[in-house]
Number of protein chains: 2
Amino acid sequence: MANQLSPLDQVFSALADPTRRAIVMRLCAGEASVGELADPFDMALPSFMKHIHVLETSGLVLSEKSGRVRTCRLSPDALLGAEDWFQRQRAIWEARLDRFEAYVTKLKKEKERAAAKRPSRTTKKKGSE
Amino acid sequence: MANQLSPLDQVFSALADPTRRAIVMRLCAGEASVGELADPFDMALPSFMKHIHVLETSGLVLSEKSGRVRTCRLSPDALLGAEDWFQRQRAIWEARLDRFEAYVTKLKKEKERAAAKRPSRTTKKKGSE
DNA sequence: TCTATAGTTAGCTTCATGGCTAACCAATTA
DNA sequence: TAATTGGTTAGCCATGAAGCTAACTATAGA
């Protein structure tokens, strides 16, 4: 028991479901009761509540019950955490692209220098793209 | 059949698995063969291949086989698409916060104006936070 | 107090996911 | 040509996710 899912696991798998993504989108615009949230969906309430629960355990959504109505709101932290993951990956990816570009540029220069040394063999041999 | 998963569904559920997230992270640093990718994982190859396949159908990863080795590389588009989703949600969220702040400011000003009109009742009644 | 509303709990079904083994190609290399 | 390497296919199993209905609790309103 207690399989210890990482926060990112939970956030991404919460967002993998279109219903839950729609709930998050709705909550970005402001808090709402379970009933209000459930209204647009053609789904039995207990099924819908499961989605809410998934969102809560993923940390994306917080809720509070007052009287008989439960009000849900977004907790932006989890969302930011996931966004951050993308940004870090992109940074790595872009750094690599930069290195690659530098490498290509270097190759190109060396080629040009080599071509300049022996003008008999023209540069257009075999297409340079 | 053909359940028509949306691209975002597929990308997010692909990224919900720590093994697959690790593969994506690895591929951000540059392309690699299936064997190289599988090496750090204590998992049978066929199981590992399933992860690769999930990543491919989600559009996150591309692969090509030459000889008997299959080389995988990241397709940044799908990653950017998901990142974009976060950014759009955050924009909505932040716009709402701005509106909310404006509203609070307005309330505060009205309160001050009201307090100025009747100086007998002091502002400090019941704490203003 | 009665009734309607808003959620909640329990329990069931079905299908997808993530793992495994065993057996099978198809390129390399000896 | 035989053996090895790198990946693939097929098929099995256990678990979990997503949906449902039925029945229940607790607050709000008439």
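Here are four short exercises with worked solutions on a predicted two-chain model.

**Exercise 1. Get your bearings in chain A: how many helices and strands are there, and what pattern do they follow along the sequence?**

Start with the count: chain A has five helices and three strands. Next, walk along the sequence, and the order in chain A comes out as α-α-β-α-α-β-β-α. Now check burial: 32% of the 129 residues of chain A count as buried. Last, look at the contacts in chain A with a separation of 6 or more: 52% of them come from residues 24 or more positions apart.

**Exercise 2. Work out how helices H1 and H5 of chain A pack, and which residues make the contact.**

Step one is picking the descriptors. A packed pair of helices is described by the angle between the axes and the distance between them. For H1 (residues 7-15) and H5 (residues 76-117) of chain A, the angle is about 95° and the axes are 10 Å apart. Angles of 65 to 115 degrees count as roughly perpendicular, so H1(A) and H5(A) are roughly perpendicular to each other.

Step two is the contact itself. H1(A) brings Leu8(A), Val11(A), Phe12(A) and Leu15(A), while H5(A) brings Ala78(A), Leu79(A), Gly81(A), Ala82(A), Trp85(A) and Phe86(A). Sorted by class, the contact of H1(A) with H5(A) has nine nonpolar residues, one polar and no charged.

**Exercise 3. Do the same for helices H2 and H4 of chain B, then look at Leu45(B) in H4.**

First, the geometry: H2 (residues 18-28) and H4 (residues 45-57) of chain B pack at about 65°, with axes 10 Å apart. That angle makes H2(B) roughly perpendicular to H4(B). The crossing of H2(B) and H4(B) is right-handed.

Second, the residues: Thr19(B), Arg20(B), Ile23(B) and Val24(B) of H2(B) meet Phe48(B), His51(B), Ile52(B), Val54(B) and Leu55(B) of H4(B). By class, the contact of H2(B) with H4(B) holds six nonpolar, two polar and one charged residues.

Third, Leu45(B), which lies in helix H4 of chain B. Its relative accessibility is 45%, so Leu45(B) counts as partly exposed. From C-alpha to C-alpha, Leu45(B) and Val34(B) are 9.0 Å apart in space, and they are 11 residues apart in sequence.

**Exercise 4. What rotation and shift superpose chain A on chain B?**

Superposing chain A on chain B takes a rotation of 180° with 0.0 Å of shift along its axis, at an RMSD of 0.2 Å. The two copies are therefore related as by a two-fold rotation axis. Now compare the interfaces: 100% of the interface residues of chain A are also interface residues in chain B, so the copies meet through the same surface.

Definitions and conventions. Residues numbered from 1 in each chain as written. Chains lettered and ligands numbered in written order. Predicted model: local features only at pLDDT ≥ 70, side-chain atom pairs only at ≥ 80, totals over all residues. Heavy atoms only, no water. Axes fitted to C-alpha atoms, helices over the stretch in contact; angles between N-to-C directions. Helix = DSSP H or I, 4+ residues; strand = E, 2+ residues; numbered from the N terminus. Parallel < 35°, antiparallel > 145°, perpendicular 65-115°, else oblique. Left-handed = near helix turned anticlockwise from the far one by under 90°. Contact = heavy atoms within 4.5 Å. Nonpolar A, V, L, I, M, F, W, Y, C, P; charged D, E, K, R; others polar. Least-squares fit on C-alpha atoms with pLDDT ≥ 70 in both. Buried < 20%, exposed > 50% of the residue type's maximum accessible area, 1.4 Å probe, protein only.
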